[in-house]
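These are my notebook entries on one protein model. I looked up a few places in turn and wrote down what I found at each.

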Amino acid sequence: MRSKSATIEAFGRLHFSLANLSNSGDIVNGGAGMMVSPPILAVTAKSETKLTVNPPNYTNEVIEICNILKINQNLRVDIKTDSRMGWHKGLGFHTQLRLSIASAVSIASEKKINKETLAHSLSRGGTSGIGSLGFWHGGVLFDAGRARTNGIFTPSSEVKNFTSSPLLYSNDRLPFIPVIVQPKSWPLIFGKLEMELFARLTPIPEKEAVTCSKYIFEDLRLATETEDFDYFCETISKISQIGFKKREIHHRGSLAKLIFKKMHEAGLRGISMSSWGPTCFGFVRNKNSALDAVNQLNECSEIDSAWIAELAPGARISIDHGETQQLISLLD
């Protein structure tokens, strides 16, 4: 019987902010973000006589996912990543990686995918749903948050027995150009340090959380719907100065202030930091302005890389090297 192969392409995730990390209200977390390309990662799975993973450092990840999904491990799995995405860089790499592996091995094994439960089964999306929702839908996304279960706020990797956040709104059109910036030598935030920061920086005062939620779910959503560049960028800036995002940026101290200053001088608007960073982002109106900004930023000794991105769709799939299509359209 001919082997079936499936290649999944997934994209980077910018996280604008979590909305409610206060002790008030029935709904916690929630927030907004967007999917961007580049970076792109690709996972190809093909049925074989034994398990082979390339590069081999992802072998345990593949085995764990196959066990969770009860999939026979007689597969060849090839994973191609973009170094700008990487672990703990603020672009949602682990969520996109796990969902891509799971989707590729499922389709190569002719096993059905339940897009409503897949992220939950892989322990992704416990705090923010932007990455897991973005994997399916792409675009600019608004995560409605989830029902409060206790008063403890933690990173997604530590949340257990959670209800996945529903998609409140998404838009696959944004006629502004994102410019992404990765500074040099910022410490990566994950694991024990991230847990400690969540414990120290939460809960957020109720008044801040209410204002932040208004900025996200009313102002930013309206700016997205109306494609209003000034309103959109002004709101992103306001979000960066309140709530949990303010605290994430403040933790980066003078490092963030310097990079934000360089980005502003290069003409970017709506400047902020994705998750804990180090990835930062801003927006311009047109390609020429984006090119000028990137050229200027890449001359800065404090910046490792700056590049022009575009709004990305949800994950794409090619089966047996055939035509590429949206993964979600194959499932619906």
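Entry 1. I began with His-88, which lies in the loop between β4 (75-80) and α2. I kept in mind that the model is predicted. The phi of His-88 is near 60°, a positive value in a residue other than glycine. I then asked whether His-88 is buried, partly exposed or exposed. Its relative accessibility is 35%, so I entered His-88 as partly exposed.

Entry 2. I turned to Ser-185, in the loop between β8 (177-183) and α5 (191-201). Ser-185 is not a glycine, yet it has a positive phi of about 65°. The relative accessible area of Ser-185 is 74%. Exposed means over 50%, so I recorded Ser-185 as exposed.

Entry 3. I looked for cis peptide bonds and noted two places. One such bond joins Pro-38 and Pro-39, with omega at about 15°. I located Pro-39 in strand β2 (residues 27-47). The peptide bond from Asn-54 to Pro-55 is also cis, and its omega is near -5°. Pro-55 sits in the loop between β3 (52-54) and α1 (59-69).

Entry 4. I next examined the interior. Which residues touch the most other members of the largest nonpolar core? They are Phe-16, Met-34, Val-77, Phe-232 and Phe-283, in a core of 65 residues. Helix α2 (residues 93-108) supplies the largest share of this core, with 9 residues. I also found a second, separate core of 22 residues, with Ile-259, Met-263, Ala-293 and Leu-297 among them. I added a general remark from my reading: nonpolar side chains tend to be buried together in soluble globular proteins.

Entry 5. I stayed with helix α2 and selected Ser-103, which is found there. Is Ser-103 buried or exposed? Its relative accessibility is 0%, and buried means under 20%, so Ser-103 counts as buried. Leaving aside residues up to four places away in sequence, I listed what Ser-103 touches: Ile-8, Ile-113, Leu-118, Phe-135, Trp-136 and Leu-327.

Entry 6. I then considered how α2 packs against helix α4 (residues 130-137). Their angle is about 45°, and their axes are 9 Å apart. I therefore described α2 as oblique to α4. The crossing of the two helices is right-handed. From α2, the contact involves Thr-95, Gln-96, Leu-99, Ser-100 and Ser-103; from α4, it involves Gly-131, Ser-132, Phe-135 and Trp-136. I sorted the residues of this contact by class and obtained 3 nonpolar, 6 polar and no charged residues.

Entry 7. My last pair was helix α6 (residues 206-226) and helix α7 (residues 229-239). At what angle do α6 and α7 pack? The angle is about 160°, with the axes 8 Å apart. Angles over 145 degrees count as roughly antiparallel, so I entered α6 and α7 as roughly antiparallel to each other. The crossing in which α6 passes α7 is left-handed. On the α6 side I listed Tyr-215, Ile-216, Asp-219, Leu-220, Leu-222, Ala-223 and Thr-224, which meet Tyr-231, Phe-232, Thr-235, Ile-236, Lys-238 and Ile-239 in α7. By class, this contact of α6 with α7 has 9 nonpolar, 2 polar and 2 charged residues. I marked Phe-232 here because I had already entered it in the largest nonpolar core, among the residues that touch the most other members.

Terms used: Residues numbered from 1 in each chain as written. Predicted model: local features only at pLDDT ≥ 70, side-chain atom pairs only at ≥ 80, totals over all residues. Heavy atoms only, no water. Core = buried A, V, L, I, M, F, W, Y, C linked by side-chain atoms within 4.5 Å. Buried < 20%, exposed > 50% of the residue type's maximum accessible area, 1.4 Å probe, protein only. Helix = DSSP H or I, 4+ residues; strand = E, 2+ residues; numbered from the N terminus. Axes fitted to C-alpha atoms, helices over the stretch in contact; angles between N-to-C directions. Parallel < 35°, antiparallel > 145°, perpendicular 65-115°, else oblique. Left-handed = near helix turned anticlockwise from the far one by under 90°. Contact = heavy atoms within 4.5 Å. Nonpolar A, V, L, I, M, F, W, Y, C, P; charged D, E, K, R; others polar.
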